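Reader: Please take a close look at one part of this model, and describe how its elements are arranged with respect to one another.

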Amino acid sequence: MVQLPSWLPAPEQVAIPLAVLLSLVLVRRLDGPSGRWGQRLRSRFLLGVPWGTLVSIAGVLAVYLFVQQGWNHWRNPVTLPFSSWSYLYPTGWLLAPFSHTGPGHLVGNLTTTLAVAPLAEYFFGHFPSKRGENPFFSRTSNPWIRAFVIFPAGVALVGLATSVFAWGPIIGFSGVAFAFVGFALVRYPLMTVVAVSAQGAIRTAYRAMRDPVIQGSASRSFGDPWWFGIAVQGHALGLLLGILLGVAVLYRRRERVGALRLWTGTVVLGMSMTLWALWWYRGESTYVLYRGLGVVFVVALAALTTVAATADRRPLFGDVSRQQVGLLALLLPLAVMVGVAVPVNLTTVGDASVPGDGPAVEVRGYNVTYAENVPNQKVSAIDVSLFGETTDVTTSGVVVVNEDREIWTQAVSKGRLAFGGRAGVRVGGVGWSEVVNVQRRGWSVVDGGTTYQVWLRGPDDDEWTHAFASEPAIAGPKLSNRSVAIVPNQGTFVVHVTQNNSTVADAPMPAVGGNVTLDGIRFERRGPKLFAAYDGTRVRVASRETYN
């Protein structure tokens, strides 16, 4: 069999674009007179190309590759300094809407943008909408400026708005992607539904080009609920901003859209884009999803959008027109969001101490530690209790604090570290990054839970720093009315034999193949398992914690 050079594309990578191209040629031949598609695109786009969309995508990709260092760390970019933590940290809220947590997040937002933004840009247009106008008469009507300056500038401003007026820290271009959806929706509701559906096709084609053949097998995995972490407030804000801008353009051009089509399109998009996923924290690593309330929210939003976009200039009462009432219907929820966002984003971590009792690893202003059941100082910055929920939230895991950047966050949860055993926390800023490594080791006793310890190591450290030790774990089986406990002790594990809640003997955990006798009980270490033998009875009492 002939071995092709590694730099040559796989046959499937050649076949995919070729199949798409041939299909488009065939469809164009079947669709009617030659050149109709091109004429329609050139009537709205400069040279028939959505330049503003391409410039926006290139800008977001550049932030990921060069600012977040995705070029060198594609799967693990720098994210902590590029979230919108506070108004007092400009780097965060300036770069958050154009930064991403990883390649999946980036590809998802860019494929949505590639599918929907051209439709929004088509509605905006590079050429004047009125016949007989000279497009080069002014700067605002010049197609080159509209394509390469005004549209990308509008995208940047909407991005900053989603960062400044969102509730709490956000990161990602999804708010702007939702704004594209909202802007296109008010003029082309059904086409927007089709465009959003096409996003899945674009993402599948991209993944097929990147990895034409993949192999998988069943395995255990750790994951929070799929809806945890969705920035619904940022998505809703972006959608409302897009709808408001689209309605303003409709009013200015005196264009109309069918009410039933618009309402239907808004409901379908809100449901398919999970705008209904309203969630909150509920205990340690537990969250609650208000799905029913979310559906009501989507339907109500569809009604508001329809009222605003289909209103005309006829008076409703007195000197108040239907259009003014429609605009007010959109501005009110935006005003509520802004009213909540401002005090939330004005909060600071101030002189917040590093949580927990253990030491922290310091890296250029960042303090990384491990703690359990400590108040989340960013979520609970404003104490609010409403409808049975509260902002008084506790957290457990690897915590990162940086007072200068207003950062307080759980970087790795307790559950995720327990699943993997190791983690790397990338901290940094513009032009630099470092990784703090974290590892957990523990013992699980029979019928008695797990005891474990956590260590940290900074980029310049030669040795691991002991950061946390859990409570001891007591095995369920008893030998001659005596219990066996595994106790963490300054980086080591000690075997205790207890009776009547008092320790009668103890010794360090035996090495693999070794043994130790405590109060007549012989403990033997066989690989990752610890056995206890007494008076002819031999039972397993503990095993090393395993990780994936």
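The part in question is the run of strands β20, β21 and β22, with a helix pair added for context.

Author: The model is a predicted one. Strand β20 covers residues 521-526 and strand β21 covers residues 529-534; the two pair in the antiparallel sense, over five bridges. Within this pairing, E524 stands opposite F531 in β21. The connection between β20 and β21 is a hairpin with two residues between the strands, and G527, in that turn, has a positive phi of about 60°.

Strand β21 also pairs with strand β22, which spans residues 537-544. This pairing is again antiparallel and runs over six bridges. Here A533 has R538 in β22 as its bridge partner. β21 and β22 likewise form a hairpin with two residues between them, and D535 in the turn has a positive phi of about 55°. Strand β21 is thus paired with β20 and with β22.

Turning to the helices, α8 (residues 189-210) packs with α10 (residues 259-272) at an angle of about 20°, and their axes lie 8 Å apart. Angles under 35 degrees count as roughly parallel, and α8 and α10 are therefore roughly parallel to each other. Their crossing is left-handed. On the α8 side, the contact involves P189, L190, T192, V193 and V196, which meet R261, L262, G265, V268 and L269 in α10. By class, this contact of α8 with α10 comprises seven nonpolar, two polar and one charged residues.

Notes
Residues are numbered from 1 along each chain as its sequence is written. This is a predicted model: local features need pLDDT of at least 70, side-chain atom pairs count only at pLDDT 80 or more; totals for chains, interfaces and linings use all residues. Side-chain values use heavy atoms; hydrogens and water are left out. Axes are lines fitted to C-alpha atoms, for helices over the stretch in contact, and angles run from 0 to 180 degrees between N-to-C directions. Helices (H or I, at least four residues) and strands (E, at least two) are DSSP runs, numbered from the N terminus. Angles under 35 degrees count as roughly parallel, over 145 as roughly antiparallel, 65 to 115 as roughly perpendicular and the rest as oblique. A crossing is left-handed if the near helix is turned anticlockwise from the far one by less than a right angle, and right-handed if clockwise. Contact means heavy atoms within 4.5 Å. Ala, Val, Leu, Ile, Met, Phe, Trp, Tyr, Cys and Pro count as nonpolar, Asp, Glu, Lys and Arg as charged, and the others, Gly among them, as polar. Two strands pair if DSSP finds at least two bridges between them.
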